[in-house]
Amino acid sequence: MIYKTGKEWLSAPHKRVALFGMSGLGKTFLSSMLRETGDWFHYSVDYRIGTRYMGERITDNFKRHAMQVPLLRELLMTDSVYIASNITFENLAPLSTYLGKPGDPAQGGLDFDEYMKRQNQHRAAEIAAMLDTGHFIERAQDIYGYDHFICDTSGSVCEVVDPDNSDDPVLKAMEDRMLMVWIKGSDDHTAELVHRFDKAPKPMYYQPDFLRAAWREYTDKHPAPVNPDAFIRWTYARALAHRQPRYAAMAQRGITVTAEEVTAVRDASDFTELVARAIDRKE
């Protein structure tokens with residue numbers, strides 16, 4: 001780890017952290033809170049994916065649908081309207097909409113092959129966005145004068161790395177430049193996330209082998225046409241269970257804090273103290 005003790009972390013003139021774990025446990029909450037202090041640069045991996053690496057694909061998808069409307073088609077063909085996504089750190093809906101859900105097109109689903117194609121595009125984009133972190137650490141300090149840096153990773157980061165490979169390029173880039181911090185949820189948190197997802201199912205990225213196996217199992221039990229929301233609801237809890245050991249393996253390269261500890265953080269000082277305790281706890 002780049003900080004060997006809590007004392008070393010607290011006295012470090014440049015604090016660099018990568019938060020990872022299930023979506024909904026506080027990564028973006030902490031990152032936004034630190035950004036608002038004016039002392040921390042907030043690098044959102046999902047935002048980078050949706051703007052730098054998937055932005056054109058997202059916009060082209062909007063245009064593809066707009067071309068089916070005669071009025072919009074005419075305006076697009078004469079460059080009379082401009083269509084773009086408006087992704088923010090807090091609103092990633094354009095990226096989620098592009099990823100989509102597999103299933104019956106009449107119910108808003110995608111053909112499974114097209115869905116897998118978009119999943120693969122996301123995988124490549126997420127790896128690239130993670131490898132961009134070093135550039136943004138330098139950029140944040142050289143251009144904007146930020147001494148501290150927080151990387152708000154995607155919940156799917158554990159799916160695009162090999163946690164058991166000591167030479168995994170993405171993990172090496174992370175641990176060489178930042179302190180890796182796993183926000184670990186409890187069984188109660190998992191149940192709450194499943195409940196929340198069940199009320200408003202959203203597209204996600206999944207590890208390809210896991211996703212193909214889930215699709216085969218689901219379609220064997222549920223005849224076509226597949227309801228897209230029903231499939232991703234069925235898959236979500238399985239995905240969380242699939243990710244947990246992968247997060248735990250990643251955490252061997254860094255430290256672990258609990259979601260309960262994160263909820264007690266009220267300001268930047270609380271955060272730095274929490275990290276210091278977690279470093280010393282590991283030692």
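## Ser154, a buried serine

In this predicted model, Ser154 has a relative accessibility of 6%, so Ser154 counts as buried, the cut-off being under 20%. You can find Ser154 in the loop that connects strand E3 (148-152) with helix H9 (169-177).

Who are the neighbours of Ser154? Leaving aside residues up to four places away in sequence, Ser154 touches Lys27, Val45, Asp46 and Glu126. With Asp46 there is a polar contact as well: the two side chains meet at 3.3 Å.

## Strand E2 and its partner E3

Now let's look at strand E2, which covers residues 40-44. How many of its residues are buried? The count is 5 of 5, so to speak a mostly covered strand. Trp40, His42 and Ser44 point one way from E2, while Phe41 and Tyr43 point the other way. This fits a simple rule: in a regular strand, side chains alternate between the two faces of the sheet.

E2 pairs with E3 in the parallel sense, over 5 bridges. Two places to look for this pairing are Tyr43, which stands opposite Cys151 in E3, and Ser44, whose bridge partner in E3 is Asp152.

## The whole sheet

Step back, and E2 and E3 turn out to belong to an open sheet of 5 strands, in the order E2-E3-E1-E4-E5, with parallel pairing. Which strands form the edges? They are E2 and strand E5 (255-258), each of which pairs on one side only. On average, neighbouring strands of this sheet are turned by 25° against each other, direction ignored. As a reminder, strands of a sheet pair through backbone hydrogen bonds.

## Helices across the sheet

Helix H3 (residues 45-53) lies across E2 and E3, and runs at about 55° to E2. Elsewhere, helix H12 (residues 228-251) lies across strand E1 (16-20), strand E4 (179-184) and E5, running at about 145° to E4.

## Where H3 meets H7

H3 also has a helix partner: its axis and that of helix H7 (residues 112-131) come within 9 Å and cross at roughly 115°. That angle makes H3 roughly perpendicular to H7. The crossing of the two helices is right-handed.

Which residues meet here? From H3 come Val45, Arg48, Ile49 and Tyr53, and from H7 come His122, Ala125, Glu126, Ala128, Ala129 and Met130. Two of these names may look familiar: Val45 and Glu126 are also among the residues that Ser154 touches.

Notes
Residues are numbered from 1 along each chain as its sequence is written. This is a predicted model: local features need pLDDT of at least 70, side-chain atom pairs count only at pLDDT 80 or more; totals for chains, interfaces and linings use all residues. Side-chain values use heavy atoms; hydrogens and water are left out. Helices (H or I, at least four residues) and strands (E, at least two) are DSSP runs, numbered from the N terminus. Buried means under 20% relative accessible area, exposed over 50%, partly exposed in between (1.4 Å probe, protein chains only). A polar contact is a pair of N or O atoms within 3.5 Å; within protein, one must be able to donate a hydrogen and the other to accept it, and residues adjacent in sequence count only if both atoms are side-chain atoms. Contact means heavy atoms within 4.5 Å. Two strands pair if DSSP finds at least two bridges between them. Axes are lines fitted to C-alpha atoms, for helices over the stretch in contact, and angles run from 0 to 180 degrees between N-to-C directions. Angles under 35 degrees count as roughly parallel, over 145 as roughly antiparallel, 65 to 115 as roughly perpendicular and the rest as oblique. A crossing is left-handed if the near helix is turned anticlockwise from the far one by less than a right angle, and right-handed if clockwise.
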